[in-house]
Amino acid sequence: IVYNMYGPTEATIMSAVLTVRKNEEDTYKSLSSIPIGTPIAKGGLVILNQYMQMQPVNIVGELYISGEGLSIGYINDPEKTSNSFIKNIYKSAGIKGAFLYKTGDLARWLPDGTVEFLGRIDQQVKIRGFRIELGEIESTLLKHENIKECVVIAIEENGDKYLCAYLVIKEDFKEEEIRTYLSLSLPDYMIPSYFVELDKIPLTSNGKVNHKVLQSPEIKAGDDYLAPSNETEEKLLEIWSEVLNIEKEEISVQANFFTLGGHSLKATLLISKVNNKFNVTVPLAEIFKSPTIRILSKYIINIEKDSLDIQDENLVLLKKGNNKEKNLFLIHAGSGEVDGYIKFCSMLNDEFNYWGIKTARIKNHAPINITIESIANKYIEKIKIIQPEAPYYIAGWCIGGTIAFEMLKQLEQKEEEIKFFALINASPPVINNSQIVPIFSANTELALISESKLINDESIKEKINNLKYSDQIWPALIDYIESNITNADIIRKLIPESMVGAIPDFENLNVPDLIYYLNTIRSYIRARMVFVPETKNKTFVNFFGASKNEIQNRTDWNKYCNQPIKFHKLIGDHYSIFKNPEVVEFAKVFDEAIRDSKMK
């Protein structure tokens, strides 16, 4: 028997212990280190996030120690004491003691109730607005069977920070393979931009990593230049040149996007531009698998071949399954886009083809007076292009849930079977809504423009005020804004904050695209506000709800259903449930719900 013990001096040396018995080594093979175990008698461990909220299983946070073993502070150092020993406000949750000791260690609870140590909090860096634990990246890398040692650091050059991983490899080094491996369990912003292979990690005389001798990676386009060989590669080259800010003549079609200076944020922008340019849906993860123009072009050409028989702006194949006859349809969020489903679908079982139903682009950038009923009717026509006959599998997120619910009712009225139906964090209809919701007109648009102070030029104000129709107003406004370089942030602020997460590349959008999303969202919000189902649905409904910022009155959906709704509580908020790490658990729960539906 071996005892693995953990604890700082401030907590009488030992605070947690793990008993490792002979022949139990395989139990911890998937981890980067042996867990520190469980709290000792009369002691306690608490893992909190930056907002002092308790972290659930598998989510990284800072480790705090509680219980009778704590000291009362540091001698003659009240400031350090007050910073390190905080008042225990978690007694109602069973955490004992008057104070908690802030260890500065990163850790997470494992499903078996033990704690895994993941490094020091001072390894945490902030890159492009995201807090990143370098220890968590290192821990994930060390789980790869081909990586013997590693260290991850943040490098800053010309005001831009990026991550670089230094690796000691057991066998041949394949960067694409490691990127793909990391993308399965880490958010895209935590995947290093560069990987450098070393014979060994340099150490100082006291055994710590010697960061001073770790050289910055060399960024170059590559010595072996290869020009584009087809139209797809030509178009991709233009996009890469724009995103990376490198002349086209310096980019080989075999050069790696990340070795040219790309990182996760630029990868997001790249994929957004690729999808718009080719009218396809390339998952973000694909750039990590296909990081050269040559490989990515083959992927896009294959998508286009697969989609030749489906030429419809509303239909997007998010993931191809093993069974041509089985389809699951996912209705777009309030932005009209289905990009948010991409990561989620990649983790679902391969039994289905996963189709996104996205909105048709509004004309002249003006809002339209649509209804949930008319949208649902149109989308039923769309899913019948793919699958003419029932049974159907349908789900909708956000406002897409409201549309899906009406689709359910209309399909039931035609006596068509819906085998599986799901609402994903969707707000229920407002009962007895006495609020008057005006239709969109020239008056509503002029009022919005006036209140937001988008126009300063009096002559332009007069010209726009004389226009009779809303679809004349917005094109005129776009021309004025672009010619006068008006700050696009004014328009960004008009878009509801709750909808921003469903808009691809929101921070980098130009004025016309911002106005397009603003008025698309306004159109769908108005449609939802005036919608109340007339009859109850018969089909069993699953509701998948985020635990953070829960939907108010979500149980009101039961008022429109003959059967009680099954509520599934998910870790995360409205958008994080579709991102790593929360999406992993969401996909698992969703798959289980589909399996249950087959048994009924």
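Trainee: How many aromatic pairs does a search of the whole structure find?

Mentor: The model is a predicted one. Searching the whole structure for aromatic pairs gives a count of 21.

Trainee: Phe-344 and Phe-590 form one such pair. Is the pair stacked or edge-to-face?

Mentor: A pair of aromatic rings is described by the distance of the centres and the angle of the planes. For Phe-344 and Phe-590 the centres are 5.1 Å apart and the planes stand at 80 degrees. An angle over 60 degrees counts as edge-to-face, so the pair of Phe-344 and Phe-590 is edge-to-face.

Trainee: How many residues apart are Phe-344 and Phe-590?

Mentor: Phe-344 belongs to helix α8 (residues 342–346), while Phe-590 belongs to helix α16 (residues 582–599). The pair thus links distant parts of the chain, and the separation is 246 residues.

Trainee: Is Phe-344 buried or exposed, and what of Phe-590?

Mentor: Buried means under 20% relative accessible area. Phe-344 has 0%, and Phe-590 also has 0%. Phe-344 is therefore buried, and Phe-590 too counts as buried.

Trainee: Which residues do ring pairs link into a cluster with Phe-344 and Phe-590?

Mentor: Ring pairs join Phe-344 and Phe-590 to further aromatic residues. The others in the cluster are Tyr-341, Trp-397, Phe-420, Phe-544, Tyr-575, Phe-578 and Phe-586.

Trainee: Why is α2 called largely enclosed by the rest of the structure?

Mentor: The buried residues of α2 include Leu-134, Ile-137 and Leu-141. Helix α2 is largely enclosed because its buried residues number eight of nine.

Trainee: Is Glu-145 buried or exposed?

Mentor: Glu-145 sits in the loop between α2 (134–142) and β11 (147–157). Its relative accessibility is 71%, so Glu-145 counts as exposed.

Note on methods:
Residues numbered from 1 in each chain as written. Predicted model: local features only at pLDDT ≥ 70, side-chain atom pairs only at ≥ 80, totals over all residues. Heavy atoms only, no water. Helix = DSSP H or I, 4+ residues; strand = E, 2+ residues; numbered from the N terminus. Buried < 20%, exposed > 50% of the residue type's maximum accessible area, 1.4 Å probe, protein only. Phe/Tyr/Trp six-rings, centres within 6.5 Å; stacked < 30°, edge-to-face > 60°.
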